[in-house]
Amino acid sequence: MICCNLIPLPSKTNLKPCPDTQHPRSSRNANHVHNLRFSHHIKEPPQKYQKHNTLPNLLSVHTKNPHAIYKDIQRFAHQNKLKEALTILDYLDHRGIPVNPTTFASLIAACVRLKSLSDAKIVHTHIVINGLENNEFIQTKVVNMYAACKSIEDAEKVFDKMTVRSVYPWNALLRGNVVLGGRKYREVLGTFSDMRGLGVDLNVYSFSCLIKSFAGASALFQGLKTHGLLIKNGFLGSDIVRTSLIDMYFKCGKVRLAYRVFEEVEERDIVMWGAMIAGFAHNKLRREALEYTRLMIKEGLEVNSVILTTILPVIGEARASKLGKEVHAYVIKTKEYSKQLFIQSGLVDMYSKCGDIVSGRKVFYGSKERNAISWTALISGYILNGRLEQALRSIVWMQQEGFKPDLITVATILPVCGKLKVLKQGKEIHAYAVKNGYLPNASVSTCLMMMYSKCDLLPYSSRVFDSMEKRNVISWTAMMDSYIDSECLEKALGVFQSMQLSKHRADSVAMGRILSVCSKLRLLKLGREIHGQILKKDIASVPFVSAELVQMYGSCGAIDKSRFCFNAIPVKGSLTWTAIIEAYGLSGQYGEAINEFKQMISKGFKPNHFTFNVVFSICEKAGFADEACQFFTMMTRKYKIKASEDHYTSITNLLHHVGRIEEAEKFVLLKQSLA
């Protein structure tokens, strides 16, 4: 079990796994995860490094002149040691020794790097004490500091007090709203309009911030207008602006427009190439992302750490293990990258997605340093490769090395508890999430709901859902799924109706799930209403949505509507073909269903495991013994699909029903031999 007292360990403990647990380096097979045991006694680990004095070199400060002390403060600031720097600053303040703007500039830069709002306010206080609050150079940097720390209100207060405003503090305000993300582009656009109205001399950074805000909100129309304004004002020659445009068009889904901007540039730098590669990856164009990486190298540019972290997930999703090994070799060759933890985590993730968890483990355990992110990558890799119990045990090993599971780790491991139905461990992780303040997070709450549902504790799922302060479409859909999986279809319908009354609107996944409810309850009227919403949202072409529509009409006896929906699908696949076959079967038109299956085969579509489930079920109901035997041979020999227990049961029952006892017995023996 995973004890809730263990999960928040800040560091190494004296805990030892029971004899039935296995360390990852051991060659013996681990016993079942249910037998894990841990001590409740936690010891703080020995300090790895000596603590700094609160004020280093305090005794020598008296012997130094102010300029030497300023250098000390600046040195600590450059090292991001704000505690030490601020302690010396307090010392100077108590003795009335003034501090120059250059020193404050170093402190501000450290606050920006660390994104520390509390330290930023202390530095600002010292600036006021030193009478530099009206220094234009410092004021601009303070605005930028607050904006970088995501405190736009404080940035605006300083900005409003400025008597002289150049473009730089304006740009800091723009950049601050960009950092906040979401729909903040309206604030950015408002600030930008004020700049133009007041005659501020705009520069490339002003436009770059504006375009980035449109990219984050997918505000294509505003982006197109800004593109025109760039051409009008002669800023389109800037690489910074063109890279921002490429990123914006990709994030708005306009791949061709991004490509056209890129092609207009004669000399491209590594940042622009990186924007193209990341853009293709963002739009699931894996082949193009890898091809542009190859073209970039061909032009003499070396792959940097940013591009490495972009292409490693692409390689994993494409399952291009050979290419992944080449990238791994490049990482090892460039020793600097091999030490970077996020690249190591990317390699673990890449190998796991390629189905090579052994190589992923080698990368992980070959790394001299590890953190919560790399541990989470390994745990995720175990899950992807079906090693669920090993994933659950890794939470223990992670803590024994002194690493605390973070929010993402918790959200990753909770579904494992659901799949293994290990309720005790799930509850302990729930307790840990409460203790560490993770539960307001919608992702963790949703995972908890699904975990309790899988463990047949639907009231717990409902309780977690009701306690959520901020819900999103995913959490609403998860609650619906919990009721659907528990066959509480009326309650699932109630959740959907409540979501429709809230500020959240159902997405394609939620629409597909509620259509399945309409299908099972034969709610034709509601199904038609949902169909209308689907057409309004323009998601009818989403494969699983169109398949559910076809099936819903078939279940409700409206086979003509099923046929109409099927014919309207522009690009058909196995999912939609299976849906129309099942629709005919549900309406009792078994001959038509088999004809549809034959058409699917003749048109070159490959049936899958679920297609044959539907076909055998129809053959069993209709008594089509010859066709069933023919399709069984086709499934196992032509399509190399391994027959399941349901397939054998359907064929055996059918043959018994039509009196072909000897053939039925052969299938029984065949089933037993493969068991």
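## A helix pair and two cysteines

In this predicted model, begin by selecting helices H33 and H34, where you will find that H33 passes H34 in a right-handed crossing. By class, the residues in the contact of H33 with H34 are 8 nonpolar, 3 polar and 2 charged.

To bring up the pair, select residues 574-586 for H33 and residues 590-602 for H34, and look along the two axes, which lie 7 Å apart and pack at an angle of about 165 degrees. Angles over 145 degrees count as roughly antiparallel, and H33 and H34 are therefore roughly antiparallel to each other.

Next, show the side chains where the two helices meet. On the H33 side, select Ser574, Trp577, Ile580, Ile581, Tyr584 and Gly585, and on the H34 side select Tyr590, Glu592, Ala593, Glu596, Phe597, Gln599 and Met600, since these are the residues through which H33 and H34 are in contact.

Now leave the helices and turn to the cysteines, for which the count of disulfides comes to 0. Select cysteine 455 together with cysteine 417: cysteine 455 is in no disulfide, and the sulfur of cysteine 417, the nearest cysteine sulfur, is 7.5 Å away, whereas a disulfide would need the two sulfur atoms within 2.5 Å. Cysteine 455 is buried, with a relative accessible area of 13%.

As a last stop, select cysteine 629 and cysteine 619. Cysteine 629 is likewise in no disulfide, and its nearest cysteine sulfur, belonging to cysteine 619, is 9.2 Å away. If you switch on a surface here, you can ask whether cysteine 629 is buried or exposed; with a relative accessible area of 15%, cysteine 629 is buried.

Technical notes. Residues are numbered from 1 along each chain as its sequence is written. This is a predicted model: local features need pLDDT of at least 70, side-chain atom pairs count only at pLDDT 80 or more; totals for chains, interfaces and linings use all residues. Side-chain values use heavy atoms; hydrogens and water are left out. Axes are lines fitted to C-alpha atoms, for helices over the stretch in contact, and angles run from 0 to 180 degrees between N-to-C directions. Helices (H or I, at least four residues) and strands (E, at least two) are DSSP runs, numbered from the N terminus. Angles under 35 degrees count as roughly parallel, over 145 as roughly antiparallel, 65 to 115 as roughly perpendicular and the rest as oblique. A crossing is left-handed if the near helix is turned anticlockwise from the far one by less than a right angle, and right-handed if clockwise. Contact means heavy atoms within 4.5 Å. Ala, Val, Leu, Ile, Met, Phe, Trp, Tyr, Cys and Pro count as nonpolar, Asp, Glu, Lys and Arg as charged, and the others, Gly among them, as polar. Buried means under 20% relative accessible area, exposed over 50%, partly exposed in between (1.4 Å probe, protein chains only).
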